[in-house]
Amino acid sequence: MSAPTTVLSSATVHEAAGRTGALPSAIKPLHPSMHLEAAAFPVKAPPGDNLWLHRAVYAASPGEALVVDTGEGFEYGYWGEILAEAAIARGLAGLVIHGGVRDSARLVEMGWPVFAERVCIRGTGKDPHGSGELGEPVVIGEQTVRLGDLVVADADGVVVVPAERIAEVQRLSADRDAAEADYLRRIRAGESTIDIYHLP
């Protein structure tokens, strides 16, 4: 059985996965139209240092999305136009970072999906001896993100699905979308949400 080809939404996936996998709600797209659905390439960067992000651009495989833990060093702009151009040239799918980015207007113009905890102009260092990791699990908020997990992100937020559950959650998400389409049809036909959801 082939996987569904419809575009997944973060809220649907979160519900279909049993209300699990949500990253912190502070992580937002730079533009509401941005959507990301790709395999995760986890990155751990030292606070205030983006050398590991440069390394990650060339370590990740085309089609993967960088998911970056900055060790709660939020008040820095780890990513900007230069790194985005490099990532696009490498064929990467997008960026999710629990930290700041800059060059935000230019990143929006480029259209490459960027989801960040904040926008910040403060510059970063590049310590060759800094402690970081590529492709190893990271923890963002309450969620562990591993290499190959599915990342779904849009205007509502970011959710991560463990690799071993991707097919299951894709199927459940398609089922939810079909059910909600039917609910909308019934509401437009005059039914109440109280009746549809069997609410007391």
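I looked first for nonpolar surface patches, and in this predicted model I found one of about 280 Å² made by Ile194, Tyr197 and Leu199. For a patch I took residues with over 30% relative accessible area and no salt bridge, joining nonpolar side chains (Val, Leu, Ile, Met, Phe, Trp, Tyr) within 5 Å and like charges within 9 Å; a salt bridge is a side-chain nitrogen of Lys or Arg within 4 Å of a carboxyl oxygen of Asp or Glu. Areas come from the Shrake-Rupley method with a 1.4 Å probe, and for residues only the protein chains shown count as cover.

I placed Tyr197 in the segment after helix H6 (193–196), where helices (H or I) are DSSP runs of at least four residues and strands (E) of at least two, numbered from the N terminus. Tyr197 counts as partly exposed at 44% relative accessibility, since buried means under 20%, exposed over 50%, and partly exposed in between.

I then searched the whole structure for aromatic pairs and noted 3; ring centres of Phe, Tyr or Trp (its six-membered ring) must lie within 6.5 Å, with planes under 30 degrees apart called stacked, over 60 edge-to-face and the rest tilted. Tyr76 and Tyr78 pair edge-to-face, at 6.0 Å centre to centre and 65° between the planes, and both Tyr76 and Tyr78 are buried. The rings of Trp79 and Trp112 are stacked because their planes lie at 10°, with centres 5.7 Å apart. I recorded Trp79 as buried at 1% and Trp112 as buried at 8%.

Residues are numbered from 1 along each chain as its sequence is written. Local features need pLDDT of at least 70 and side-chain atom pairs 80 or more, while totals for chains, interfaces and linings use all residues, and side-chain values use heavy atoms, leaving out hydrogens and water.

Technical notes
Buried < 20%, exposed > 50% of the residue type's maximum accessible area, 1.4 Å probe, protein only.
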